[in-house]
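Reader: I should like a close look at one strand and at its place in the wider assembly. Please define each term as it arises.

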Number of protein chains: 2
Amino acid sequence: VPPRRISDSAVRRLSHYLRFLDEFESAGKRTVSSEYLADRGGITSAQVRKDLSHFGSFGKRGMGYPVGELRERIASILGLGRRWRVALIGAGQLGAALFHYAGFRRQGFGIVAVLDNDPAKIGRRWGDLTVADVAELPSVVHRHGIELAIVTTPAEAAQDVVDALAGAGVEAILNFAPRKLQVPADVTLRDVNLTIELESLTFALTQKQAAQQG
Amino acid sequence: VPPRRISDSAVRRLSHYLRFLDEFESAGKRTVSSEYLADRGGITSAQVRKDLSHFGSFGKRGMGYPVGELRERIASILGLGRRWRVALIGAGQLGAALFHYAGFRRQGFGIVAVLDNDPAKIGRRWGDLTVADVAELPSVVHRHGIELAIVTTPAEAAQDVVDALAGAGVEAILNFAPRKLQVPADVTLRDVNLTIELESLTFALTQKQAAQQG
């Protein structure tokens with residue numbers, strides 16, 4: 001039984017552990033210590049032990065974690081090891097980059113529908129798919145059993161799209177549109193806002209320059 | 001004088017306030033209360049007041065914040081209101097999407113150099129630019145006065161690229177390559193890892209399904 005409340009940052013650390021374990025497995029390691037995992041991730045070994053203790057006991061005390069078993073367990077906690085049916089809404093350049101991103105397929109994310117509202121894009125072939133009209137979003141969601149959506153529309157269109165997705169029963173949305181969106185309580189929304197990431201960098205540079213100037 | 005230590009999450013909230021203030025300004029609002037800002041951002045008004053109190057006093061007590069003045073102040077804290085010279089390393093599909101992303105230019109981020117290690121890409125025209133050989137990274141950085149870099153290379157190449165950037169004096173890096181990278185203490189690194197974002201969604205969906213079945 002997975003624990004009830006895990007912080008977002010703990011879930012992110014699980015994703016990182018998973019990647020480190022992949023690396024260790026490729027390098028032929030069978031067991032790994034919390035210190036070793038901590039070192040790779042730049043965090044404390046106490047944090048690693050705490051994170052992993054939430055998910056049952058692994059291996060024998062003092063023997064380190066069994067790499068393969070821990071990898072499988074974390075993948076299962078994260079909902080991996082199965083295929084997720086994903087819709088992409090917004091058939092622009094960013095959408096195309098994500099559509100062709102091999103890392104998604106490798107992790108079990110399959111984009112099975114692409115939608116847009118632009119008549120010039122609707123009906124075009126994207127790989128094996130045909131771009132559908134976003135007006136048909138509910139029927140596309142039901143026909144393909146969509147569980148997850150990626151939104152790469154312009155900011156102005158995003159709230160309407162997200163409302164339509166929530167209305168059609170999609171409960172997990174990754175949003176790239178640069179706008180803070182409202183979703184019902186049963187929908188999980190993650191934002192990837194590229195200018196906000198850049199602003200945290202220019203903030204750091206500006207602070208540093210101010211400190212250097214006295 | 002900006003305060004010494006501001007958490008990453010506080011900096012992110014400043015970015016969000018900036019966007020809300022843009023909306024309010026477009027809508028013709030002259031002043032805004034902490035409650036109104038809080039409501040737009042889905043946080044408490046106490047948090048808003050605390051965040052903004054770090055940056056001096058604004059307007060008169062009980063009168064709300066002056067929208068224009070607060071907007072300018074936050075933009076200046078975040079290092080906006082000037083142009084930042086950015087290099088893009090990795091001339092693939094994601095790189096192309098970011099290169100054409102209008103939001104960057106609007107916020108003052110100008111991609112002035114594109115680099116790759118693929119002979120088939122080096123020398124190609126991207127808008128007004130010519131894709132340069134990543135082997136010439138140090139001279140490109142110096143010639144263009146690059147302050148910030150966006151890395152969209154494959155995972156295997158990213159650490160070498162980041163080492164070269166740090167060696168050439170670039171102190172702020174936005175990394176899209178799906179690997180945890182090491183940087184010297186004077187370099188600020190932000191990761192955008194798209195599969196990790198998706199994993200936080202599948203984690204949430206899996207937890208929900210387990211709860212419904214149990």
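How many bridges join β3(B) to strand β8 (residues 148-151) of chain B?

Author: Four bridges join β3(B) to β8(B), and the two strands run parallel. The model is predicted: local features need pLDDT of at least 70 and side-chain atom pairs count only at pLDDT 80 or more, whereas totals for chains, interfaces and linings use all residues. Residues are numbered from 1 along each chain as its sequence is written, chains are lettered from A and ligands numbered from 1 in the order in which they are written, and side-chain values use heavy atoms, with hydrogens and water left out.

Helices (H or I, at least four residues) and strands (E, at least two) are DSSP runs, numbered from the N terminus. Two strands pair if DSSP finds at least two bridges between them. One of the partners across the β3(B)-β8(B) pairing is Val151(B), the bridge partner of Ile89(B). β3(B) also pairs with strand β4 (residues 109-116) of chain B, in the parallel sense and over six bridges. In that pairing, Ala87(B) stands opposite Ala113(B). Five of the six residues of β3(B) (residues 84-89) are buried, so the strand is largely enclosed by the rest of the structure. Here buried means under 20% relative accessible area, exposed over 50%, and partly exposed in between (1.4 Å probe, protein chains only).

The wider sheet of chain B is open and has six strands in the order β7-β4-β3-β8-β9-β10, with parallel pairing. Its edges are β7(B) (132-133) and β10(B); each has a single partner strand, so one side of each is left without a neighbour in the sheet. Four bridges connect β9(B) and β10(B), again in the parallel sense, and Asn175(B) has Asp191(B) as its bridge partner.

The edge strand β10(B) also takes part in a salt bridge, that is, a side-chain nitrogen of Lys or Arg within 4 Å of a carboxyl oxygen of Asp or Glu. Asp8(B) forms one with Arg190(B), the closest N and O atoms being 3.1 Å apart. This pair links distant parts of the chain, with Asp8(B) in helix α1 and Arg190(B) in strand β10, 182 residues apart. Arg190(B) counts as buried at 15% relative accessibility, while Asp8(B), at 45%, counts as partly exposed.

Chain A has an open sheet of six strands as well, in the order β7-β4-β3-β8-β9-β10 and with parallel pairing. There, β3(A) (residues 84-89) and β8(A) (residues 148-151) pair in the parallel sense over four bridges, and Ile150(A) is the bridge partner of Leu88(A). A salt bridge in the loops leading to these strands joins the side chains of Arg82(A) and Glu147(A) at 2.9 Å, N to O. Arg82(A) lies in the loop between α4 and β3 of chain A and Glu147(A) in the loop between α7 and β8, so the pair ties together parts that are 65 residues apart in sequence. Arg82(A) is partly exposed at 31% relative accessibility, whereas Glu147(A) is buried at 17%.

Finally, the assembly as a whole. Contact means heavy atoms within 4.5 Å, and the contact between the chains takes 66 residues from chain B and 66 residues from chain A. The buried area, the accessible area (1.4 Å probe) that two parts lose on being put together, summed over both, is about 5,800 Å², of which carbon and sulfur atoms give 64%. Six salt bridges are found across the interface, one of which joins Arg12(A) and Glu197(B) at 2.9 Å, N to O. A polar contact is a pair of N or O atoms within 3.5 Å; within protein, one must be able to donate a hydrogen and the other to accept it, and residues adjacent in sequence count only if both atoms are side-chain atoms. Between chain B and chain A, 24 residue pairs are in polar contact, with both residues at pLDDT 80 or more. Among the elements that each supply at least two residues to the side of chain B that touches chain A are the strands β9(B) and β10(B). The largest share of that side, 17 residues, comes from α9(B).
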